[in-house]
Amino acid sequence: SPCNSVHTFFMSIPIDLAFVDKNLTVRGIRNNVQPWKLLAPVWTARSVFEMPAGTLSRSQTAIGDQLYVDENP
């Protein structure tokens, strides 16, 4: 952080991305991003969560959702 753009150079598997603002509100979603891609910035984002491909669609995460991060699971 701060980060509002991602590349997948040198990756070997696709990923899902959730771009969030400073309040962890989802401002952009990119599903199944393949290796060797360069993504345009999401200008309203401050951070990006990277997760295995399919995670965001299975969880039905949408723009406007607010994420919660538990640092002590």
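Here is a short walk through the structure, stop by stop, with something to select at each one.

**Before you click**

This is a predicted model, in which local features need pLDDT of at least 70 and side-chain atom pairs count only at pLDDT 80 or more, while totals for chains, interfaces and linings use all residues. Residues are numbered from 1 along each chain as its sequence is written, and side-chain values use heavy atoms, with hydrogens and water left out.

**The whole chain**

Start with everything in cartoon view. You should find one helix and three strands, in the order β-β-β-α along the sequence. Helices (H or I, at least four residues) and strands (E, at least two) are DSSP runs, numbered from the N terminus.

Show just the C-alpha atoms and align to the principal axes: they fill a box of roughly 30 × 25 × 25 Å. The radius of gyration is 12 Å, which agrees with the value near 11 Å for a compact globule of 73 residues. That radius is taken over C-alpha atoms, and the globule rule is 2.2 Å times the number of residues to the power 0.38.

Now switch on the surface. About 5000 Å² is exposed, and carbon and sulfur atoms supply 54% of that; the areas come from the Shrake-Rupley method with a 1.4 Å probe. Of the 73 residues, 32% count as buried. Buried means under 20% relative accessible area, exposed over 50%, and partly exposed in between (1.4 Å probe, protein chains only).

For a contact map, take contact as heavy atoms within 4.5 Å. Among contacts between residues at least 6 apart in sequence, 67% join residues at least 24 apart.

**Select Asp21 and Arg27**

Which residue forms a salt bridge with Asp21? It is Arg27, and the closest N and O atoms are 2.9 Å apart. The structure holds one salt bridge, defined as a side-chain nitrogen of Lys or Arg within 4 Å of a carboxyl oxygen of Asp or Glu. Side chains of opposite charge can pair when their charged atoms come close. Colour the two by accessibility: Asp21 is buried at 11%, whereas Arg27 is partly exposed at 36%.

**Select the loop between strand 1 and strand 2**

Leu24 sits in this loop, between strand 1 (15–20) and strand 2 (26–33). Check its backbone: phi is near 65 degrees, a positive value in a residue other than glycine. Leu24 is partly exposed, with a relative accessible area of 23%.

Thr25 is in this loop as well, and at 14% relative accessibility it counts as buried. Expand the selection around Thr25 and, leaving out residues up to four places away in sequence, you pick up Phe19, Val20, Gly64, Asp65 and Gln66.

**Jump to Gln66**

That last partner lies in the segment after helix 1 (55–59). Is Gln66 buried or exposed? It counts as exposed, at 55% relative accessibility. Beyond its neighbours within four places in sequence, Gln66 is in contact with Asn23, Leu24 and Thr25. Put a distance label from the side chain of Gln66 to the backbone oxygen of Asn23 and you get 2.7 Å. For a link back to the salt bridge stop, try Gln66 to Asp21: the two are 45 residues apart in sequence and 9.4 Å apart in space, C-alpha to C-alpha.

**Slide back to Gln60 and Thr61**

Gln60 is in the segment after helix 1, with phi near 60 degrees, again a positive value in a residue other than glycine. Gln60 is exposed at 67%.

Thr61 is found in that segment too, but counts as buried at 18%. Leaving out residues up to four places away in sequence, Thr61 touches Val26, Ile29, Leu56 and Leu67. Its side chain also makes a polar contact with the side chain of Ser59 at 2.7 Å. A polar contact is a pair of N or O atoms within 3.5 Å; within protein, one must be able to donate a hydrogen and the other to accept it, and residues adjacent in sequence count only if both atoms are side-chain atoms.

**Last stop: Ala45**

Ala45 lies in the loop between strand 2 and strand 3 (47–52) and counts as buried at 11%. With residues up to four places away left out, Ala45 touches Cys3, Asn4, Phe19, Val20 and Asp21.
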